[in-house]
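Please open the structure in your viewer and prepare to make selections by residue number. The tour proceeds stop by stop.

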Amino acid sequence: MTKGLRKGLTSYGDAGFSLFLRKAFIKAMGYSDDALDRPIVGITNTGSDYNPCHGNMPALVEAAKRGVMLAGAMPMVFPTISIHESFAHPTSMFLRNLMAMDTEEMIRAQPMDAVIVIGGCDKTLPAQIMAAASVDLPTVVVPVGPMVVGHHKGEVLGACTDCRRLWSAHRAGDIDEQEIGEVEGRLAPSVGTCMVMGTASTIACMTEALGLSLPMSATVPAPHAERVRIAEASGRRAAEMARSGGPRPSEILTPAAFRNAQVVLQAIGGSTNGIVHLTAIANRTPHRIDLDSFDAIGREVPVLVDLKPSGDHYMEHFHHAGGMPKLLQQLGSLIDLDAPTVAGGTLRDVVAQAEEVPGQTVIRSAANPIKPVGAVAVLHGNLAPRGAVIKHSAATPSLLQHTGRAVVFESTADMAARIDDPDLDVRADDVLVLRNTGPKGAPGMPEAGYLPIPRKLGRQGVKDMVRISDARMSGTAFGTIVLHITPESADGGPLALVRTGDVIRLDVAARRIDMLVDDAELETRRAGLGVPAEPAWAARGYARLYWTSVLQADEGCDFDFMRREP
């Protein structure tokens with residue numbers, strides 16, 4: 001097998017000249033023949049001044065390089081697109097597929113025998129794993145790690161569950177401008193991803209469960225020295241994989257691995273975004289994620305990790321309680337422990353090394369769960385023919401069976417213009433409906449599903465309402481919120497037919513979301529919709545590609561031409 005600099009030679013019609021030219025130019029950077037004759041490990045650098053989640057990237061890259069060199073291989077660092085949730089317009093999800101394509105093509109284009117992908121912010125790890133699955137080069141994933149907790153007036157704070165709670169209090173008039181400014185400076189006290197069980201932590205935990213990262217990689221806080229040591233160990237392991245040629249992602253990403261990841265998503269109280277990203281990853285392999293099977297797993301698997309927004313603690317507490325190895329141990333027979341990992345063994349080897357932490361209460365046993373069933377339920381009904389999801393572990397129990405009058409917002413702009421209008425006709429038992437916020441409608445399926453409580457209701461003490469949309473929601477958020485309604489309204493889904501005043505019924509126990517309008521009336525409304533016009537934003541470039549190719553949420557929102565046939 002061709003390895004090192006001889007791999008993937010640029011085509012000039014003369015392979016000898018291609019290698020000569022490649023070596024001549026790389027020697028301009030001072031490399032010796034000894035260095036250039038070794039197996040090469042590529043290392044992605046997703047550092048960016050626009051990405052505070054990746055603020056520890058320089059230290060992790062250097063540690064990964066050190067590990068590669070200690071194991072006798074040659075590290076080569078290369079940049080890719082970097083995406084941060086709060087800085088990406090229109091949304092980070094809009095750019096996830098672009099990052100996946102960029103990462104894939106850079107791995108393919110440049111000579112490397114293994115690759116280390118380093119990332120963390122919500123869409124970064126999914127994009128990198130999608131790329132790795134498509135390229136099928138030996139890959140080790142290194143998450144950047146979560147932030148440490150913040151503090152305000154004696155209270156422990158976590159971005160971004162507590163930022164939503166405190167912002168709601170500010171909107172309701174309970175927190176003034178000065179205090180919300182103080183909170184702004186304390187919510188995110190270090191670099192790293194959100195320290196609650198948001199999307200970033202969910203994906204990191206699922207990545208470890210998939211077997212793509214070394215044990216404890218998901219939970220070590222970003223500023224800790226142990227995070228740097230994991231990067232070094234990942235470098236060592238990647239060098240070994242570069243020599244041996246495996247294991248490749250195709251050997252790791254088995255049906256058992258994908259089921260393990262779904263079990264973990266349910267058990268950690270994970271983000272609803274996790275199932276969209278896992279679906280996209282699976283679609284890059286011969287395997288598939290079935291939403292009904294995912295829901296069945298949720299009925300069987302309890303929530304065992306006591307973390308916000310489903311519980312009370314934060315990622316550093318999860319780590320100090322034993323992290324993913326301890327959780328996998330507690331899940332017992334629900335996990336296929338014979339699934340392989342990039343560490344070279346199986347999850348059984350990982351569980352055997354799980355730390356016993358006396359007195360810890362963050363990782364519960366199945367006999368003493370946080371919630372008796374998993375975090376996420378899949379709903380169907382005449383509003384969601386192909387499915388919708390709800391994170392019922394973070395919802396208000398009394399609202400999980402609810403019937404109310406719809407109050408409809410046509411878009412995020414419409415919602416922003418009217419949600420705080422004192423004359424808005426809205427009651428606490430109504431159902432807030434937001435449409436045109438799906439993959440195509442927004443575009444990019446923003447995290448707009450967390451509709452704010454109308455200000456006049458917030459000032460009356462209302463903390464939660466049933467809210468439904470074709471948008472996503474941050475994994476850090478909480479509330480009785482139905483998301484990912486598929487097909488989306490902009491793609492002809494029935495959400496486009498809802499009118500203010502219609503009655504909507506949510507029944508999570510029955511896994512139903514329906515509007516109580518007869519079929520004949522719905523057909524009349526559908527006939528009046530017309531054909532949606534192509535939006536101005538989709539006129540050119542990547543936006544054009546996105547508009548013409550993006551799939552719906554139940555298919556992972558990847559591009560249709562990127563899926564691998566089963």
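The stops below cover one helix packing and one group of aromatic residues in this predicted model.

**First stop: a helix pair.** Select residues 199-210, which form helix 8, together with residues 273-282, which form helix 12. The two axes lie 9 Å apart, and the helices pack at an angle of about 45°. Helix 8 and helix 12 are therefore oblique to each other. The crossing of helix 8 past helix 12 is right-handed.

Next, display the side chains at this contact. On helix 8, select Thr199, Thr202, Ile203, Met206 and Leu210; these meet Asn273, Gly274, His277 and Leu278 of helix 12. The contact residues comprise four nonpolar and five polar ones, with no charged residue.

**Second stop: aromatic pairs.** The model contains 13 aromatic pairs. Select Phe94 and Tyr542: their ring centres are 5.3 Å apart and their planes stand at 80°, so the pair is edge-to-face. Phe94 belongs to helix 4 (residues 92-109) and Tyr542 to helix 20 (residues 541-549), so this pair ties together parts that are 448 residues apart in sequence. Both Phe94 and Tyr542 are buried.

Keep Phe94 selected and add Tyr546. This aromatic pair is tilted, with 4.6 Å from centre to centre and 50° between the planes. Here too distant parts of the chain are linked, Phe94 in helix 4 and Tyr546 in helix 20 being 452 residues apart. Tyr546 is buried, as is Phe94.

**Last stop: the cluster.** Which residues form one aromatic cluster with Phe94? Extend the selection to Trp537, Tyr542, Tyr546, Trp547, Phe559 and Phe561, which together with Phe94 make up that cluster.

Note on methods. Residues numbered from 1 in each chain as written. Predicted model: local features only at pLDDT ≥ 70, side-chain atom pairs only at ≥ 80, totals over all residues. Heavy atoms only, no water. Axes fitted to C-alpha atoms, helices over the stretch in contact; angles between N-to-C directions. Helix = DSSP H or I, 4+ residues; strand = E, 2+ residues; numbered from the N terminus. Parallel < 35°, antiparallel > 145°, perpendicular 65-115°, else oblique. Left-handed = near helix turned anticlockwise from the far one by under 90°. Contact = heavy atoms within 4.5 Å. Nonpolar A, V, L, I, M, F, W, Y, C, P; charged D, E, K, R; others polar. Phe/Tyr/Trp six-rings, centres within 6.5 Å; stacked < 30°, edge-to-face > 60°. Buried < 20%, exposed > 50% of the residue type's maximum accessible area, 1.4 Å probe, protein only.
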